[in-house]
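Open the model in a viewer and keep the selection panel at hand. The stops below go chain by chain, then residue by residue.

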Amino acid sequence: MWQPSASISTLKARSHFLAAIRQFFASKDVWEVETPLLSNNTVTDLHLDAFDTQFNFDVTGKQKSLFLQTSPEFAMKRLLAADSGAIFQITKAFRHESAGRFHNPEFTMLEWYRPNFDDKKLMAELDELLQFTINAKPAAYLSYQQAFIDYLDFDPLTTELTELKAIVSQHSDDEWLQQETNPDTLLQWLFSMKIEPCLGSGTGENSSDDWTPCFVYDFPASQASLAKVCQSDSRVAHRFELYYQGVELANGFYELQDHQEQLRRFNADNELRVQAGLTKKPIDSNLLAALENGLPDCAGVAVGIDRLFMLKQNLTHINQAIAFDVSRA
Amino acid sequence: MATFSTNQFKAGLKLMIDGEPCNILENENVKPGKGQAFNRVKIRKLVSGKVIEKTFKSGESVEGADVMDIELAYLYNDGEFWHFMNNETFEQVAADEKAVVDSIKWLVENDVCTLTLWNNNPIAVTPPNFVELEITETDPGLKGDTAGTGGKPATLSTGAVVRVPLFVQTGEVIRVDTRTGDYVGRVQK
């Protein structure tokens with residue numbers, strides 16, 4: 001097990017791939033930053049778990065938790081609030097969850113922020129990056145609502161819980177689905193199982209040369225995360241995801257600037273955590289202070305670099321895209 | 001009975017699902033970018049033998065199945081039951097057709113098999129990974145065709161049909177991998 005899980009030639013190709021990304025941003029005057037991997041706070045998201053480490057040398061003399069970051073988002077927003085301008089980062093991110101074909105608990109993330117961009121403009125830039133770095137075809141764009149209408153023939157924004165259960169029951173007789181009380185969980189189930197595997201494919205019959213990256217945008221406001229709610233339609237938020245070859249590659253927002261709304265969402269997340277029998281997470285007061293001071297109007301996106309590289313190289317497992325997977329780390 | 005969280009799911013884990021012991025064949029994590037993650041598992045129901053797909057919310061727990069694997073030697077088939085014996089205690093266990101159906105063609109007298117018991121009843125029989133069986137019928141190999149273009153079918157003494165290289169002949173004993181049904185080699189007598 002001392003040997004790398006990726007071949008040396010693949011790792012050299014990865015080095016060129018990373019260089020191409022840096023070249024792309026240099027040409028657009030977006031500068032590279034580095035932010036801490038260890039943080040005093042972490043995300044409150046119900047479905048994300050951070051690695052928790054023990055720090056024994058704090059100035060207070062007390063032991064305390066430092067969390068390995070699940071993404072550099074909060075720290076980068078603090079730089080933006082300090083007038084950094086457009087910035088990007090290629091960094092490690094960590095999620096305390098099982099490894100799989102598309103997941104390693106430690107992974108490389110590309111994240112960038114663009115002042116004066118909205119989600120539409122940032123999607124266009126990510127589209128350009130894909131064409132430049134992996135020679136992808138120009139992307140397709142599909143709203144969350146339209147994705148459900150196209151693939152499952154119903155409108156996710158107007159369908160009630162009982163109707164949703166009836167739709168789910170056409171696809172699965174798993175009992176827990178009928179007992180589920182959160183409509184978003186059922187929508188996420190349908191999206192993950194029935195829509196996502198088809199996204200980013202071409203018009204043909206899954207022929208691999210025919211793949212086209214696909215943006216899904218305007219997620220329901222109930223799944224807004226850190227995105228602004230849409231002014232013209234409060235049922236949806238300015239959040240988008242990118243899919244390619246049936247794999248989720250990126251998540252982006254037209255960023256929420258309102259610190260009170262942000263605090264409300266953190267607290268709501270923590271309430272959900274308590275209901276699910278999980279511990280509350282400390283809320284990042286530095287981020288809230290930065291938002292209060294003023295986050296510029298901006299859009300930001302995070303891209304899973306290991307996955308993107310895996311697809312570029314036609315690899316079948318993420319282990320083949322990274323030097324040492326978690327079992328060899 | 002122990003329960004297992006979805007993050008302990010892996011091939012071979014035995015769970016109670018719909019009141020029936022099941023064996024996980026494949027487990028896949030399905031994670032949306034943000035939001036609820038799921039486990040999609042392919043399971044074999046151990047009593048009916050049916051293979052089905054199920055999904056779970058990641059983080060949920062499922063009751064484990066109280067099943068036990070024991071090693072017994074295959075004795076004989078009386079037309080209705082397949083009889084196995086513990087080589088140390090000489091205690092015998094009879095398995096019905098449902099339990100042996102996937103393994104019948106690999107059962108060799110005196111070979112030690114794994115019997116899966118649920119409430120002390122055998123519900124599945126797993127043959128050894130490798131068995132040695134005699135070829136009862138195969139076409140004579142064609143001369144000159146030594147490149148091994150996929151070989152030829154051969155019928156074994158149990159009725160199993162496997163692909164063998166062209167040079168292997170009727171009457172020879174071969175070694176077969178029961179997990180894949182692949183020919184491994186000739187056995188020197």
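Select chain B and colour by secondary structure: one helix and 16 strands appear. The radius of gyration of chain B is 21 Å, well over the 16 Å that the globule rule gives for 189 residues, so chain B is more spread out than a compact globule. Turn chain B onto its principal axes, and the C-alpha trace spans about 65 × 50 × 25 Å.

This is a predicted model, so colour by confidence before going further. The scores for the model are ipTM 0.83 and pTM 0.80. Chain B has a mean pLDDT of 89, with 94% of its residues at 70 or more. To see the two ends of the range among the elements of chain B, select residues 97-100 and then residues 82-85. The former are helix 1 of chain B, with the lowest mean pLDDT (89), and the latter are strand 8 of chain B, with the highest (96). Where pLDDT is low, the coordinates should not be read in detail.

Stay on chain B and switch to a surface. About 10300 Å² of chain B is exposed, and carbon and sulfur atoms supply 46% of that area. Of the 189 residues in the chain, 43% count as buried. For contacts in chain B between residues at least 6 apart in sequence, 45% join residues at least 24 apart.

Now pick two cysteines in chain B. Are Cys22(B) and Cys113(B) buried or exposed? Cys22(B) has 1% relative accessibility and Cys113(B) has 0%; the cut-off for buried is under 20%, so Cys22(B) counts as buried, and so does Cys113(B). There is no disulfide to draw at this stop or elsewhere, as the structure holds zero over all chains.

Hide chain B and select chain A. Secondary-structure colouring gives ten helices and eleven strands here. The radius of gyration of chain A is 20 Å, which agrees with the value near 20 Å for a compact globule of 329 residues. A box along the principal axes of chain A, filled by its C-alpha atoms, is roughly 60 × 45 × 45 Å.

The same surface and contact settings can be used again. Chain A exposes about 15300 Å², of which carbon and sulfur atoms supply 50%. Buried residues make up 53% of the 329 in chain A. Among contacts in chain A with a separation of 6 or more, residues 24 or more positions apart account for 66%.

Next, select residues 144-152 of chain A, which form helix 4. Which residues of this helix are buried? They are Tyr144(A), Ala147(A), Phe148(A) and Leu152(A). Look down the axis of helix 4 of chain A: the buried residues fall within an arc of 95°, so they line one face of the helix. The background is that an α-helix has 3.6 residues a turn, so residues three or four places apart point the same way. To see what this face packs against, add strand 7 (140-143), helix 7 (183-195) and strand 8 (214-217) of chain A to the display. Just after helix 4 of chain A comes Asp153(A), with a positive phi near 65°.

From there, go to His171(A), in the loop between helix 5 (161-169) and helix 6 (175-179) of chain A. At 33% relative accessibility, His171(A) counts as partly exposed. Which residues does His171(A) touch, leaving aside those up to four places away in sequence? Show Leu152(A), Trp189(A), Leu190(A) and Lys194(A). Leu152(A) was also among the buried residues of helix 4 of chain A. For a distance label, join the C-alpha atoms of His171(A) and Leu190(A): they are 8.7 Å apart in space, with the two positions 19 residues apart in sequence numbering.

The last two stops concern backbone angles. Most residues other than glycine have a negative phi. Select Asp83(A), which is not a glycine but has a positive phi of about 65°. Asp83(A) sits in the loop between helix 2 (73-81) and strand 5 (87-94) of chain A, and with a relative accessible area of 69% Asp83(A) is exposed. Finish at Asn314(A), in the segment after helix 10 (305-312) of chain A. Asn314(A), again not a glycine, has a positive phi of about 55°. At 63% relative accessibility, Asn314(A) counts as exposed.

Notes
Residues numbered from 1 in each chain as written. Chains lettered and ligands numbered in written order. Predicted model: local features only at pLDDT ≥ 70, side-chain atom pairs only at ≥ 80, totals over all residues. Heavy atoms only, no water. pLDDT = per-residue confidence, 0-100. Helix = DSSP H or I, 4+ residues; strand = E, 2+ residues; numbered from the N terminus. Disulfide = S-S within 2.5 Å. Buried < 20%, exposed > 50% of the residue type's maximum accessible area, 1.4 Å probe, protein only. Rg over C-alpha atoms; globule rule 2.2 N^0.38 Å. Contact = heavy atoms within 4.5 Å. Areas by Shrake-Rupley, 256 points an atom, 1.4 Å probe, with all protein chains shown as cover. Arc of directions from axis to C-beta.
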